[in-house]
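Notebook open, structure loaded. I'll jot down what I look up as I go.

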Amino acid sequence: MKVLLAYRPGELRIAEMEKPTPGPGQILAKVHHCGICATDVAIADGTLTLGEGMNPIYPVRIGHEWSGVVVETGSGTRRLKVGDRVISDTGYSCGECEPCLEGEYQSCENGRPIGTTGNCWPGAFAEYMLMPERLTFRVPDNVPLDEAALVEPASIGLYGLTRAHIGPGMNMLVAGTGPIGLGGMACAKGMGIGKVILAGRKEKKLAVGKEMGADILVNTTEENLKEVVMRETGGRGMDVILDTTGSVELINDLLDMLRPSGSIVIPGFYEREVPNVRLDSLVAKNCTMIGAAGTPNMGRKILDMLSNRHVSLQPMITERYPFERVMEGFAAMKAHNDRRIKIMIDFPCEGGGE
């Protein structure tokens, strides 16, 4: 089977690998779609710097935002069958260590992210994807498979927001117009959150955010974000801020926009130390800062929201390329930064299943 490897920093290759056979408790899926993540690009370029123990080990078979159709099942599988349309969690967890037994699968002592850092599980830029059945979830019949591939980035934003206890009547600021921010915002809207301010620098991306439920758009190259926030909240500040920018320069301003006892959710990596953060303001206002890198089982909740039409993630797909042109897709991540949100790679698939 053909796979995409970040062979070494600065070098992407399409290579041939042996098609895997599912073992006990595993499924093999034919990949239909895989989105390009900014982390994929950073691994390919050799610029990802998340700290000790979190660096890529080259060559890396990248890709973690995928969907496909089950083509084989191993012994002992019970829940999934050949022909089922599926997505997976974003990481492997053993299910047996102390954190797993406590339900903290994201802290698994034997955990492996999919297609990213360290001793990762082989990624989804491949014609076939092998996964444990228990970490793989059936996509409802009325949810398109390309939209299902968007669940992973949306789940990161939603995971952080659920820990901020979002609900009706609350206001929220989303800083950044990438898939994690827009996907998390759409899910929050589906759960009934109140006024949402979306801040970014690119008009075309802000327009997609409007389509996905943002109430107020702020182009930060033209307007003062803090002035807008205080005007729209009567000087009180935001109940919840979702900061997906990874901007060192912005963090102090966002803390100033947070109301007393509010929450700031940070799923965007800074990839460097952040000096001179005014944490005293966080303490003095009894605020909560929440890191969010995703967690297992969140995807199932979003699939349900998609199936019941509470959320639509489809507008985030702004470009798509067939797998044989995947290199063009990676180049477009940089060249089309003014307008791209999610670039989707489509794999040739016989027999439908969409």
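**Buried phenylalanines**

I began with Phe323 and Phe347, and both are buried (under 20% relative accessible area; exposed is over 50%, partly exposed in between, with a 1.4 Å probe and protein chains only). Before going on, a note to self: this is a predicted model, where local features need pLDDT of at least 70 and side-chain atom pairs count only at pLDDT 80 or more, while totals for chains, interfaces and linings use all residues. Residues are numbered from 1 along each chain as its sequence is written, and side-chain values use heavy atoms, with hydrogens and water left out.

**Rings**

How many aromatic pairs does a search of the whole structure find? I get 3, counting rings of Phe, Tyr and Trp (its six-membered ring) whose centres lie within 6.5 Å; planes under 30 degrees apart are stacked, over 60 edge-to-face, and the rest tilted. Phe323 and Phe347 make one that is stacked, at 4.6 Å centre to centre with 20 degrees between the planes. This pair links distant parts of the chain, 24 residues apart: Phe323 is in the loop between strand 17 (317-322) and helix 11 (326-335), and Phe347 is in the segment after strand 18 (342-346). Helices (H or I, at least four residues) and strands (E, at least two) are DSSP runs, numbered from the N terminus.

Next I looked for charges over rings (NZ of Lys or CZ of Arg within 6 Å of the ring centre and within 35 degrees of the ring normal). Arg13 lies over the face of Tyr7, 3.5 Å from the ring centre. Lys19 has its charged end over the ring of Tyr128, 4.5 Å from the centre.

**Cysteines**

I looked for disulfides (cysteine sulfur atoms within 2.5 Å) and found 0. Cys34 is in none, and the nearest cysteine sulfur, in Cys37, is 9.6 Å away. Cys34 counts as buried because its relative accessibility is 0%. Why does Cys349 have no bond? The closest cysteine sulfur, in Cys34, is 12 Å from its own, so the two are too far apart. Cys349 has 26% relative accessibility and therefore counts as partly exposed.

**The 3-stranded sheet**

This sheet is open, with strand order 2-1-4 and antiparallel pairing (strands pair if DSSP finds at least two bridges between them). Which strands are at the edges? They are strand 2 (11-16) and strand 4 (60-61), each pairing on one side only. Strand 1 (residues 2-8) joins strand 4 over 2 bridges, in the antiparallel sense, and Leu5 stands opposite Arg61 of strand 4.

Helix 11 packs on the sheet, touching strand 1 and strand 2, and its direction makes about 155 degrees with that of strand 2. Helix 1 (residues 38-45) lies across strand 1, strand 2 and strand 4, at about 55 degrees to strand 1. For these angles, axes are lines fitted to C-alpha atoms, for helices over the stretch in contact, and values run from 0 to 180 degrees between N-to-C directions.

**Strand 9**

Is strand 9 (residues 128-132) mostly covered or uncovered? I find it mostly covered, with 5 of its 5 residues buried. Tyr128, Leu130 and Pro132 are buried on one side, and Met129 and Met131 on the other. Strand 3 (residues 26-36) runs antiparallel to strand 9, joined by 5 bridges; Lys30 has Tyr128 as its bridge partner.

**The 6-stranded sheet**

Here I read the order 13-12-11-14-15-16 in an open sheet with parallel pairing. Strand 13 (216-219) and strand 16 (288-291) each have a single partner strand, so each has one side without a neighbour in the sheet. The twist averages 15 degrees from one strand to the next. Strand 12 (residues 196-200) and strand 13 run parallel with 4 bridges, and Gly200 stands opposite Asn219 in strand 13.

**Two loop residues**

Ala292 is in the loop between strand 16 and helix 10 (298-307). Ala292 counts as buried because its relative accessibility is 6%. Which residues does Ala292 touch, leaving aside neighbours within four places in sequence? Its contacts (heavy atoms within 4.5 Å) are Ile156, Tyr159, Gly160, Arg163, Val265, Ile266 and Pro267. The C-alpha atoms of Ala292 and Pro267 are separated by 4.6 Å, though the residues are 25 apart along the chain.

Thr117 is in the loop between strand 8 (112-113) and strand 9. Its relative accessible area is 12%, so Thr117 is buried. Outside its neighbours within four places in sequence, Thr117 contacts Leu48, Leu50, Met54, Asn55 and Pro56.
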